[in-house]
Amino acid sequence: MKEHEYSGHLHIHSSFSDGNASVEEIARHAASSGLTFIGITDHNTLEGLKKGLEGWHNGVLVFFGTEINVEKNHYIAFNIREKIPPDDENPQRVIDAVNARGGFGYLAHPVEKGNPFFLKGRFFAWDKWDVSGFTGLEIWNFGSLWRAAYNSKIRVLFWYFYDIYRAARFPDPEGLAIWDSLLQERPVVAFAGSDAHSFQGRLGPFKLSFFPYGFLFRTLNTHILLEEELSRDLPGAREQIFSSLRKGRFFIGSDYLHSTRGFRFSALNKDDDEVSMGQEIAYSPATVLRIVSPSPRGLIRVIKNGRVVYESREQILAFKVLKPGTFRVEVCWRPFLGRPLPWIFSNPIYVRY
Ligand SMILES: [Zn+2]
Ligand SMILES: [Zn+2]
């Protein structure tokens, strides 16, 4: 199966809300990071869309979603043209309003933890888990992990300058467990981003940008896979990207550790077509999963119904499916020293009777 891979970055704030750069500047950083697309998701506004900024800037396709709600239950919605009023207490109303307008969305940083040092302990997790109708959830968020990681100025500054990636190395296992348990019920798409704001700060006499966009765009990226090349016209390209995001035909890769370009996960039967992530395949005794790791330094884990069922250091793996289930793949990066680090998260393939 020939698939066209495009990498981009999602969950970004611009100066239309509390980010610190214009859409134009952010797109410039995305271009120099080699991205094809970015999804800007300002808090409770679609100002960028209203101003006609959707389209290509510096060769990067910019589209707009919005992050709805204020103190908790943040919901990232795409493919809506009008903003939707926040409702922190009843996020189901927000999800339903997005769906009614043809949009789709993800629970943002749903298991975020607080930290007395950051924002006086305020945090923005989900506290309503009886919701339905959402497309997926954010399993890896660079900014959110940082917000919880260090509880003093000294620690924050030390780790920021010594090893900025350390806080974000491991997605919260609680979020992954929730995703796996939701997957027992229905297809749920995993989503990731950086929550990029580029905070402005001071260090003595120096003005500094913390977590600049250009850095974050080399971390937790979204790699979508398309059957056709990305269209050069805006409605066509938007439809291709939104359709991949909605179905989960993409993977999440930490391009900070090593480029994740080239990862593939598909399933095939003897005579059938091959299917990709986000799709279903009918089980047969010939069903095989095909996994390609972008580097021999990867450690492939096949996860079925939330449990690791196979591990391999092969770069190309053919895994025979013995029984139907929901399959997803994690690839860890094996550093020269220390334990393997999360590197790639696939979206699932659903093998059904
Ligand atoms: Zn948020
Ligand atoms: Zn955000």
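In helix α6 (173–183), the residues G175, L176, W179 and L183 are buried, where buried means that 20 or more other C-beta atoms, placed from the backbone, lie within 10 Å of the residue's own. Seen down the helix axis, these buried residues fall within an arc of 100°, so they line one face of α6; the arc is that of the directions from the helix axis to the C-beta atoms. P173, E174, A177 and S181, on the other side of α6, are exposed, which requires 12 or fewer such atoms. Among the elements that cover the buried residues are β7 (136–141), β8 and β20 (325–333). Helices (H or I, at least four residues) and strands (E, at least two) are DSSP runs, numbered from the N terminus.

The model is predicted, with pLDDT of at least 70 needed for local features and 80 or more for side-chain atom pairs, while totals for chains, interfaces and linings use all residues. Residues are numbered from 1 along each chain as its sequence is written, and chains are lettered from A and ligands numbered from 1 in the order in which they are written.

An automatic or database assignment sets the domain bounds. The centres of the two domains, taken over C-alpha atoms, are 25 Å apart.

| Domain | Bounds | Residues in the contact |
|---|---|---|
| domain 1 | 4–254 | 20 residues |
| domain 2 | 264–352 | 15 residues |

Contact means C-beta atoms, placed from the backbone, within 7 Å. On the domain 1 side, α6, β8 (189–193) and β12 (250–254) each supply at least two residues, and β12 gives the largest share, 5 residues.

Definitions and conventions:
Contact = placed C-beta atoms within 7 Å.
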